[in-house]
Amino acid sequence: MTDAAAPTEADAPDDTTPAVPEPETMHGCPVTWSRGQKVLHVGGADYAKVLGALQAEGFHTCIDLCAVDYLTYEADRGLPPGVEPARFEVVLHLIDHGMGGHGVRRLRVRVQVPADDPTLPTLFSLYPGTEAMEREAFDMVGITFTGHPDPNRILMPEDWAGHPLRKDYASGRIPVQFKATTDAR
Amino acid sequence: MSSDAAITDPGTADAHDLEHRTDEGGQGMTSAAVLGAAEALRERGAVLRMSEAEAEAPAEEAAADEDQTMIINMGPQHPSTHGVLRLMLELDGETVLRTKPVIGYLHTGMERTAEDLSYLQGCTNVTRMDYASPLFNELAFSLTVEQLLGIDIPERATWIRMLMTELNRISSHLLFLATNGMDIGAVSMMIYGWREREEVLRFFEKVTGLRMNHNYIRVGGVAADLPPGWRDDVLRLLDLLPPRLEEYDILMTGQPIWRDRLQGVGMITAEECLALGVTGPILRSTGYAWDLRRNEPYLAYDQVDFDVVVGSYGDCFDRFAIRLNEIRESMRIVRQCLEQMPKGPYRIQDKKVTPPPRARIDESMEALIHHFKIFTEGFKVPEGEAYVPVESPRGELGCYIVSDGSSKPYRMHVRGPSFVNLQSLPHMMHGGFIADAVAVISSVDPIMGEVDR
C-alpha cells in the first residue's frame, strides 16, 4: 500500500474528520485510508461493541456487508500495524447521511475472521438490513453469524456443499466438445 | 442441481472444511407453530416496531390458533413476480401476516466469474446483473477500477456517461411503468411502456451496437464516440416522450381505480427504510430526499440542474409517481447534456488502459505491443480496495473491488439495490391483503438478475 500513501494524505483533510497525526484511531480501533476512503479495522472480539458505538455516533445504515477470502492473496493487504491478518475478512460499508448538517460520512469496516473459527456475532439487532447480506456472506464464503434469526443459504440451493466464493473452492467448467460434422446437412 | 454439483467437484479443497456447517436447514417458511420469537421479529420486521418481549406474545398466539392461518407459496414461476422471485406468505383469511422472499433461482455466480475475467472483460459480466439498467452496472464497475488505477477520464467521456445512464434510467422506469400497469391490471399500459422503452433502446443500439448488455462504459471512458446524428435522435426522444407521459397521467395517475388500488398500500416509513438499508425510490417515497446524484455527486452531476423527487406517504402510489416524475427529471438532465457536451477524446489516452485504434496497429510497433498486452494479459491494477456507489434506478448500486495488483480482480462484490430492497417486502406486506401483494412486489421493482447475481 506504499503507492497509495500519497493520495491518502492528500485526501484525508478533505473529509469531515480533522487530520490527526498518526496513528489515527476511532473507538480504539486503528484507521487507515484507502484511495481517499476511510477504513476502520475492528477486531473480532470488540466487533459488536464498536459497531454499536458507531451506530450511536450517527452511522445509521449499514449499506453493504460482504466477506473476502484472502487465502491466495500475496500483495500488501493495507492493514495497519497491530492488526493480525487472518484468512477471512468481513467488510462493512456504513453511511451517515449527515442530515444534521455535518455532511455525508462513509466508513468501511474491515474485520479479520480467522479460518479455524469463522464466526462473528450478528448485527441483526443493530442493523436489520444486514439480515440478507449476512446470509449471503455465510452462503458464499462460509462466515457464520451467531444469533442470526435465519442462518441458512440464500443464493445456493439449501443442500449445496461448500462455499463458492472461497478461494479453495474449485470453479467448474463445462467441457465443450467440438466435432466435425460427418454428414452434409 | 445434482449435475451441477458434480461439475463443481471440490477437488483439492479440504473436504471437511467444505462441509463445515453446510446443511443449515430449509430456506422455506416455517409454520407459525414452531416459530421462535427471534423469527417473529425477523418476519414482521418487528425490530423496528416492538421489543423481543412483545414479539414473544404474538408468537404464542399464533401457535395457539395455528389452523387459522395458511402458508401459501407464490412463484417462482408466477407471472407477476418479475422473473423468478418466490414468496411464501402466511395468511389469515385474506390478510398477509408474514412474508418470506426466497431467492437464488437466478444465481449464476457472477461474482466468482468476475475473478476469472480481466478488468477489460469485467464490464461484459457486470452488465448482465441488472439487465434493465445495464449501463449503471458498467458505470459502477468502471468508476471503481478507475479509482483503483487513480486515473481521471476525459470530460467528454463523463458527459457521455451521464447522457447514456440518464437515458437508461428513463428506459428502466418505462419498463417499471409497463410492468406495474400490467400487475395492477392496466394491461394496455404494458404495451405503451414497452413501446416507449423500445424508442430508447433503439438509440442505445445505434450508439453501442446492442439493445441491452451494452459493454459500452469501459474503464477509461466509453467504448465508442457518439455516432453522427446522435443529437437529432436524442432530441426526437425528448420531443416524443413528454406527450406520452401526459397520456400516462390520464391513463393512470388521475384515474380513480388506479389510485384506489395503490394509495395507502404497502406503506413503509423512512426509519424502516434506513434501518433496512433500503435506497432509491422506495426511500424517497417516504419523503426522505436522498439521491446520490445530489448528495454525493459523481460524474458531473454537480453541474446539472435537476430536482430530487420525493413522496409523502411511502405507499405504492408514491413509488409509482416518483418513477414517473424521475423520467421527467432525467429528460431535463439529458437536455443539459446535449447543451453542455464538450469536445475531445471519449476515452483516456493512456495506452496502458485503452487499446490503440485498429489503424495504428499497422503502422506502430508500440501500438501492436500495447494491443497484444491489453487483450491477452490485460492491464494491471495497483493493489488495494475501493468501493464506489452510483444511484441506479433502483437505489444505491455499489461495487467493491479488492485488487492484488494483477490484471484480474481478486474479489469483486456488487451491492445490488434490489437485493437489499427485497428485505422491505415483509414490512410492506404485513397486515395488507393478499390481493395487494402483487402491487407491493411490483412497486419494489426488483430485478432478479441483480438480486441473485
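Here are some questions and answers about this predicted model and its two chains, A and B.

User: Let's start with chain A. What order do the strands of its open 6-stranded sheet take?

Analyst: Chain A has 3 helices and 8 strands, and along the sequence they follow the pattern α-β-β-β-α-β-β-β-β-α-β. Six of the strands make an open sheet with mixed pairing. Its edge strands are S1 (25-26) and S4 (61-69), each pairing on one side only. Reading across, the order is S1-S2-S3-S6-S5-S4.

User: Which helix of chain A packs on that sheet and touches S1, S2, S3, S4, S5 and S6?

Analyst: Helix H3 (residues 130-141) isn't the one to pick here: it lies across S4 and S5 of chain A, at about 5° to S4(A). The helix you're after has a direction that makes about 175° with that of S6(A). That's helix H2, residues 47-57.

User: Which residue stands opposite A:Cys66 in S5(A)?

Analyst: S4(A) and S5(A), the latter spanning residues 88-96, run antiparallel and are joined by 8 bridges. Within that pairing, the residue across from A:Cys66 is A:Val91.

User: How many disulfides does the structure hold over all chains?

Analyst: Take A:Cys66 as one case: the nearest cysteine sulfur belongs to A:Cys62 and sits 10.0 Å away, while a disulfide needs the two sulfurs within 2.5 Å, so A:Cys66 is in none. B:Cys399 is unpaired too, with the sulfur of B:Cys123 nearest at 9.5 Å. Over all chains, the count is 0.

User: Is A:Cys66 buried or exposed?

Analyst: Buried means under 20% relative accessible area. A:Cys66 has 2%, so it falls below that cut-off. B:Cys399 also comes out at 2% and counts as buried. For A:Cys66, then, the answer is buried.

User: How many residues are in the largest nonpolar core?

Analyst: Nonpolar side chains tend to be buried together in soluble globular proteins. In this model, the residues with the most contacts inside the largest core include A:Leu40, A:Val90, B:Phe141 and B:Phe320. As for A:Val90, its contacts beyond four places in sequence include A:Cys66, A:Val109, A:Leu120 and A:Phe145. The core's residue count is 165.

User: Over to chain B. What order do the strands of its open 3-stranded sheet have?

Analyst: The pairing in this sheet is antiparallel. S6 (384-392) and S8 (411-415) each have a single partner strand, so they stand at the edges with one side left without a neighbour in the sheet. Neighbouring strands are turned by 10° against each other on average, direction ignored. The order is S6-S7-S8.

User: Which residue does B:Glu385 stand opposite in S7(B)?

Analyst: S6(B) runs antiparallel to S7(B), residues 395-403, and 9 bridges join the two. Across from B:Glu385 is B:Val402.

User: Which helix of chain B packs on this sheet?

Analyst: Look for a helix that touches S6, S7 and S8 of chain B. Its direction makes about 150° with that of S6(B). It's helix H7, residues 134-149.

User: Why is H20(B) said to be largely enclosed by the rest of the structure?

Analyst: The helix spans residues 434-444, and its buried residues include B:Asp436, B:Val440, B:Ile441 and B:Val444. Just after the helix, B:Asp445 takes a positive phi of about 55°. H20(B) is largely enclosed because its buried share is 9 of 11 residues.

User: How far apart are the C-alpha atoms of B:Glu366 and B:Gly395?

Analyst: B:Glu366 is in helix H17, residues 365-376, and it is exposed at 55% relative accessible area. Along the chain, B:Glu366 and B:Gly395 are 29 residues apart. Their C-alpha atoms are separated by 43 Å.

User: Finally, what percentage of the residues of chain B count as buried?

Analyst: Chain B has 453 residues, with 21 helices and 8 strands. Its accessible surface is about 17100 Å², and 53% of that belongs to carbon and sulfur atoms. In chain A, which has 185 residues, the buried share is 55%. For chain B, the figure is 60%.

Methods. Residues are numbered from 1 along each chain as its sequence is written. Chains are lettered from A and ligands numbered from 1 in the order in which they are written. This is a predicted model: local features need pLDDT of at least 70, side-chain atom pairs count only at pLDDT 80 or more; totals for chains, interfaces and linings use all residues. Side-chain values use heavy atoms; hydrogens and water are left out. Buried means under 20% relative accessible area, exposed over 50%, partly exposed in between (1.4 Å probe, protein chains only). A nonpolar core is a set of buried Ala, Val, Leu, Ile, Met, Phe, Trp, Tyr and Cys residues joined through side-chain atoms within 4.5 Å. Contact means heavy atoms within 4.5 Å. Helices (H or I, at least four residues) and strands (E, at least two) are DSSP runs, numbered from the N terminus. Two strands pair if DSSP finds at least two bridges between them. Axes are lines fitted to C-alpha atoms, for helices over the stretch in contact, and angles run from 0 to 180 degrees between N-to-C directions. Accessible areas come from the Shrake-Rupley method with a 1.4 Å probe; for residues, only the protein chains shown count as cover.
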